[in-house]
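Trainee: Please take a close look at the salt bridges, and then follow the chain outwards from there. I should like one connected account.

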Amino acid sequence: MTQTEDIIDEGAEHKTWKGKLWGVIKVILIIVITGGLLYWVFSKVPFAKIKFRLIHANRAWLAAAIACYVGSMFFSSWRLLSYFKSIGLRLDWRFNLRLYFLGLCYNVLLPGGIGGDGYKIYLLHKRYHLPTKKVFWAILFDRLSGFWAIGAIVVGLVILIPSFPYHLGWPLGIVSVGSVIYYFVARKFFKEYTHNFVQAHLKAIGVQSMQLLTIVCLLLAQDFNGKFAPYLLSFLFSSLAAIIPFSLGGGGIRDALFLTLARQFNLAEDMAVYLSFGFYLISIIVALLGVYYVLVPKRLDGNLKKGEEPKMENHPIEE
């Protein structure tokens, strides 16, 4: 049995009956919430309209949308690697990328179980004897950089919306002041995680930019010739809601919010739902690439030469 399989089995063995019960309840809640929200969305916009758009979409632009989303996952994996380096964990980029896709797959296949982030925390803790809180904070700051990137890009898109009711100085000021406070708080209380602060946040901009390009490609697949900014802004806001863990990969929550925002911006409702649902389908397709490492876990470390194996730097680890 491989080390990866041992970790999965050990985690299952040590799970209490309360943990197992909560896992079952959580799966049921996720299915009910996701299904309920999708039912509400498709009661407002008939699924037949979305199906028609998907079937008749330009295949080349759909392929480009998938490629852009895959690119965003490469950026996201690269960003997480920066935070791992901050805590002294030197992972080969190939191992980190495989682990990232395996985590994406677990988020789809095991929404109420160990989950992608939980799996990474547990595996890295077992292999390198890292305190779980160290890995947890590294992953949390990875997420926070994503929030910051969304906020920064939202401000840029607001400039392109002439009907925005407030002076542009307000959003610019909020993001600027918020960024300064965010940096100094992180530097003061979590200095270890700020060693690669700038490059990690630039990579976060790359992640969100590639996902926005995914939406642009989905729009172009419909021969769209209107204004992109309102759709992109709605997508970014819906992406924030999709982070809520009580849905299957953000399904339902993103669609419901995208539809609500479409009404606020006077956008075509069927186009909005097509974008959110199309993005959801792409995210599932890409996440399932990690199935390979679920079925053949030994390939997680495959093709790494001597000296390329993941390792910890020689410095004290605080508990």
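Mentor: A salt bridge is counted when a side-chain nitrogen of Lys or Arg lies within 4 Å of a carboxyl oxygen of Asp or Glu. The model is predicted, so local features need pLDDT of at least 70 and side-chain atom pairs pLDDT 80 or more, while totals for chains, interfaces and linings use all residues. Residues are numbered from 1 along each chain as its sequence is written, and side-chain values use heavy atoms, without hydrogens or water.

The structure holds five salt bridges. One of them joins the side chains of R53 and D270, with 3.0 Å from N to O. The two partners come from distant parts of the chain, for 217 residues separate R53 in helix α3 (residues 47–55) from D270 in helix α12. Helices here are DSSP runs of H or I with at least four residues, numbered from the N terminus. Is this pair made of buried or exposed residues? R53 counts as buried because its relative accessibility is 18%. D270 is likewise buried, because its relative accessibility is 18%. The cut-offs are under 20% relative accessible area for buried, over 50% for exposed, and partly exposed in between (1.4 Å probe, protein chains only).

Another salt bridge is formed by the side chains of R94 and D92, at 2.9 Å from N to O. Here the partners fall into two classes. R94 has a relative accessible area of 22% and is therefore partly exposed, whereas D92, at 12% relative accessibility, counts as buried.

The pair of R263 and E269 leads us back towards helix α12. Their side chains meet in a salt bridge of 2.9 Å, N to O. R263 is partly exposed, because its relative accessibility is 37%. E269 is also partly exposed, because its relative accessible area is 27%.

How do helices α11 and α12 pack against each other? Helix α11 spans residues 253–264 and helix α12 spans residues 269–287; their axes are 9 Å apart and make an angle of about 155°. The axes are lines fitted to C-alpha atoms over the stretch in contact, and the angle between N-to-C directions runs from 0 to 180 degrees. The two helices are therefore roughly antiparallel to each other. That name applies over 145 degrees; under 35 is roughly parallel, 65 to 115 roughly perpendicular, and the rest oblique. The crossing of α11 and α12 is right-handed, meaning that the near helix is turned clockwise from the far one by less than a right angle (anticlockwise would be left-handed).

The loop between α11 and α12 contains N266. This residue deserves a look at its backbone: the phi of N266 is near 55°, a positive value in a residue other than glycine. N266 is exposed, because its relative accessible area is 69%.

Helix α12 also meets a second helix, α9. The axes of α9 and α12 come within 10 Å and cross at roughly 125°. This angle makes α9 oblique to α12. The crossing of α9 and α12 is right-handed.

Helix α9 itself covers residues 197–220 and includes C217. C217 counts as buried because its relative accessibility is 6%. In sequence, C217 and L62 are 155 residues apart, yet their C-alpha atoms are 6.7 Å apart in space.

After helix α9 comes the loop that runs to α10 (229–242), and D223 is found in that loop. D223 has a positive phi of about 55°, although it is not a glycine. D223 counts as exposed, because its relative accessibility is 65%.

A further residue shows how sequence and space may be compared. V175 is placed in helix α8 (residues 169–189). With a relative accessibility of 23%, V175 counts as partly exposed. V175 and V155 are 20 residues apart in sequence, and their C-alpha atoms lie 7.7 Å apart in space.

To draw the account together, return to helix α12. Its residue D270 meets R53 of helix α3 in a salt bridge. Helix α12 packs with α11 at an angle of about 155°, and the axes of α12 and α9 cross at roughly 125°.
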